[in-house]
Amino acid sequence: MTLHSVTMTINGETEIATAPSNMTLLQLLRDELALTGTKNGCAAGECGACTVLVNGEAVNSCLVLAVECDGADIVTVEGLAFDRRLDPLQQALIDAGGVQCGFCIPGVLISAKALLDRNPQPSEQDIRGALVGNLCRCTGYVRIIEGVKEAARIETVAA
């Protein structure tokens, strides 16, 4: 198996890793870089638990090869908090009761972050559309949607 040197910016830090041709970004993040917030739910791109931002776009990291990310800017759920303080989106989901078991939440947060970055004042339909690829078995989505709405409101007021 051919090994490749991959240089990425992950959560603001430059990372250089060696990855075989068939290693997914999910495997690299979890197994090589110990960024275990990104979850392996289905390994088939169906559940959204492994969603990360790659160059500002939400992607299922189980479907992306690590070597494809050479030079990329990647944000995982660990990169949302800053200076030991939760991102307003994280806090809003907690306050709304949108976090239960926590398995799907990293992917939900990243998908919602991508939405809010491109549309700071999304409608409920926009939020639902952004989260369509994220499966959650605990909350029923209502509280997650309410949390994203609140985060948008907070961010709009702060701006």
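**Exercise 1. A threonine and its polar partners**

Take the polar contact between the side chains of Thr-76 and Glu-78, at 2.6 Å, and work out what else surrounds Thr-76 in this predicted model.

*Solution.*

Step 1: Look for another polar partner. The side chain of Thr-76 also makes a polar contact with that of Asn-11, at 2.8 Å.

Step 2: Place the residue. Thr-76 sits in the loop that runs between strand 5 and helix 2 (88–95).

Step 3: Decide whether it is buried or exposed. The cut-off for buried is under 20% relative accessible area, and Thr-76 comes out at 0%, so it counts as buried.

Step 4: List the company it keeps. Beyond its neighbours within four places in sequence, Thr-76 is in contact with Ile-10, Asn-11, Leu-29, Leu-35, Thr-38, Val-52 and Ile-110.

**Exercise 2. Follow one contact back to its strand**

Ile-10 turned up among the contacts of Thr-76; find out where Ile-10 lies and what it touches.

*Solution.*

Step 1: Ile-10 belongs to strand 1. With 3% relative accessibility, Ile-10 counts as buried.

Step 2: Skip the neighbours within four places in sequence, and Ile-10 is in contact with Glu-15, Leu-29, Leu-33, Leu-35, Ile-74 and Thr-76.

Step 3: Now try a distance. Ile-10 and Leu-135 are 125 residues apart in sequence, and their C-alpha atoms are 25 Å apart in space.

**Exercise 3. Put the sheet together**

Work out the strand order of the sheet, its edges and the way strand 1 pairs.

*Solution.*

Step 1: Write down the order. The five strands of this open sheet run 2-1-5-3-4, and the pairing is mixed.

Step 2: Pick out the edges. Strand 2 (13–20) and strand 4 (57–60) are the edge strands, each pairing on one side only. From one strand to the next, the twist averages 40 degrees.

Step 3: Check the pairing of strand 1 (residues 3–10) with strand 2: they run antiparallel and are joined by eight bridges. His-4, for instance, stands opposite Ala-19 in strand 2.

Step 4: Look at the turn. Strands 1 and 2 form a hairpin with two residues between them, and Asn-11 in that turn has a positive phi of about 55 degrees.

Step 5: Turn to strand 5. Strand 1 pairs with strand 5 in the parallel sense, over two bridges.

Step 6: Use Thr-9 to tie the two pairings together. Its bridge partner in strand 2 is Thr-14, while in strand 5 it is Asp-73.

**Exercise 4. Helix 1 against the sheet**

Which residues of helix 1 (residues 25–32) are buried, and which strands do they pack against?

*Solution.*

Step 1: The buried residues here are Leu-25, Leu-26, Leu-28 and Leu-29.

Step 2: A bit of helix geometry helps. An α-helix has 3.6 residues a turn, so residues three or four places apart point the same way.

Step 3: Find the packing partners. The buried residues of helix 1 pack against strand 1, strand 2, strand 3 and strand 5.

Step 4: See what comes next. Ala-34 follows helix 1 and has a positive phi, near 60 degrees.

**Exercise 5. Two nonpolar cores**

Find the residues that touch the most other members of the largest nonpolar core, and the elements that build it.

*Solution.*

Step 1: This core holds 24 residues, of which Leu-89, Leu-93, Leu-109, Ile-144 and Val-148 touch the most other members.

Step 2: Two or more residues come from each of helix 2, helix 3, helix 4 (124–130) and helix 5 (142–158). Helix 3 gives the most, with eight residues.

Step 3: Zoom in on one member. Leaving out residues up to four places away in sequence, Leu-109 touches Val-77, Leu-80, Leu-89, Gln-90 and Leu-93.

Step 4: Don't miss the other core. Apart from the largest one lies a core of 17 residues, including Val-6, Met-8, Ala-19 and Val-64.

**Exercise 6. Cysteines and disulfides**

Why is Cys-42 not bonded to Cys-47?

*Solution.*

Step 1: Recall the cut-off: a disulfide needs two cysteine sulfur atoms within 2.5 Å.

Step 2: Apply it. The closest cysteine sulfur to that of Cys-42 belongs to Cys-47 and is 3.8 Å away, so it is too far for a bond. Cys-42 is partly exposed, at 32% relative accessible area.

Step 3: Do likewise for Cys-136. Its nearest cysteine sulfur, in Cys-104, is 3.5 Å away, and Cys-136 is in no disulfide. Cys-136 counts as buried, with 10% relative accessibility.

Step 4: Add up. The disulfide count is zero.

How values were computed. Residues are numbered from 1 along each chain as its sequence is written. This is a predicted model: local features need pLDDT of at least 70, side-chain atom pairs count only at pLDDT 80 or more; totals for chains, interfaces and linings use all residues. Side-chain values use heavy atoms; hydrogens and water are left out. Two strands pair if DSSP finds at least two bridges between them. Helices (H or I, at least four residues) and strands (E, at least two) are DSSP runs, numbered from the N terminus. Axes are lines fitted to C-alpha atoms, for helices over the stretch in contact, and angles run from 0 to 180 degrees between N-to-C directions. Buried means under 20% relative accessible area, exposed over 50%, partly exposed in between (1.4 Å probe, protein chains only). Contact means heavy atoms within 4.5 Å. A polar contact is a pair of N or O atoms within 3.5 Å; within protein, one must be able to donate a hydrogen and the other to accept it, and residues adjacent in sequence count only if both atoms are side-chain atoms. A nonpolar core is a set of buried Ala, Val, Leu, Ile, Met, Phe, Trp, Tyr and Cys residues joined through side-chain atoms within 4.5 Å.
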